[in-house]
Amino acid sequence: MNIAIMVCKKMTFECSGTWCFKAFNEREKAFEIYKDNSKVNLCSFFHCNGCGSDLDKELEYKVTQLNKMEVDTVHMSRCIEVECNRYNEIKDFLIKNNFKVVEGTH
Ligand code: SF4
């Protein structure tokens, strides 16, 4: 099973992503659902860059890459919820692109 973490671009200058990785490595918080699954691969930690109007256009290549890596689940990090007024739109975009969405990381 291949998963990815999506974070907000606004955090690029501040966040190292370490708490997301710690939570994944220790299968805690939102990653607790994988506790009994040793075959989970974290394949991508990517930034949303969808601040413009067209999510399809702005995230198209990232979706292509995720598909090539057979990522089926995207974790939406808490920073998106905090920083973004388009949370539900982004969630719908991921679902429309056939990803299972899990809300949260750590
Ligand atoms: S659209 Fe939202 S989540 Fe994406 S970069 Fe802009 S503020 Fe962050």
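Let's start with the loop between helix 1 and strand 2, where strand 2 covers 41–48. Arg27 lies in that loop. This is a predicted model, so keep that in mind throughout.

What is the sign of phi at Arg27? Positive, at about 50°, although Arg27 is not a glycine. For context, most residues other than glycine have a negative phi. Now the environment. Arg27 has a relative accessible area of 16%. The cut-off for buried is under 20%, so Arg27 counts as buried.

Next, Lys29. Lys29 also lies in the loop between helix 1 and strand 2. Phi of Lys29 is near 55°. Again, that is a positive value in a residue other than glycine. Buried or exposed, for Lys29? Exposed: the relative accessibility is 53%, and the exposed class begins over 50%. So this loop holds Arg27, which is buried, and Lys29, which is exposed.

Step back into helix 1. The helix runs over residues 18–25, and Lys22 lies in it. At 32% relative accessibility, Lys22 counts as partly exposed. One distance to note here. Lys22 and Leu55 are 33 residues apart in sequence. In space, C-alpha to C-alpha, they are 29 Å apart.

Now the whole chain. We have 4 helices and 4 strands. How are they ordered along the sequence? The pattern reads β-α-β-α-β-α-α-β. The radius of gyration is 13 Å, close to the 13 Å from the globule rule for 106 residues, so the chain is as compact as a globular protein of that length. The C-alpha atoms fill a box of roughly 40 × 30 × 20 Å along the principal axes. Of the 106 residues, 41% count as buried.

Contacts next. Take those between residues at least 6 apart in sequence. Of these, 77% join residues at least 24 apart.

Last, the ligand. Where does it sit? In the largest pocket. Which residues surround the ligand? From the early part of the numbering, Cys8, Lys9 and Lys10. Then come Cys48, Gly50 and Cys51. Ile80, Cys84 and Ile90 complete the list. By class, the shell divides into 6 nonpolar, 1 polar and 2 charged residues. Under the classes used, Cys and Ile count as nonpolar, Lys as charged and Gly as polar.

To recap: a positive phi at Arg27, another at Lys29, and a ligand in the largest pocket.

Terms used. Residues are numbered from 1 along each chain as its sequence is written. This is a predicted model: local features need pLDDT of at least 70, side-chain atom pairs count only at pLDDT 80 or more; totals for chains, interfaces and linings use all residues. Side-chain values use heavy atoms; hydrogens and water are left out. A residue is near a molecule or strand if one of its heavy atoms lies within 4 Å of it. On a 1 Å grid over the protein atoms alone, a cavity is a set of points where a 1.4 Å probe fits but cannot get out, and a pocket is an open set with protein on both sides within 12 Å along at least five of seven lines; lining residues have an atom within 4 Å of a point. A molecule sits in a cavity or pocket if more than half of its atoms lie within 2 Å of its grid points. Helices (H or I, at least four residues) and strands (E, at least two) are DSSP runs, numbered from the N terminus. The radius of gyration is taken over C-alpha atoms; the globule rule is 2.2 Å times the number of residues to the power 0.38. Buried means under 20% relative accessible area, exposed over 50%, partly exposed in between (1.4 Å probe, protein chains only). Contact means heavy atoms within 4.5 Å.
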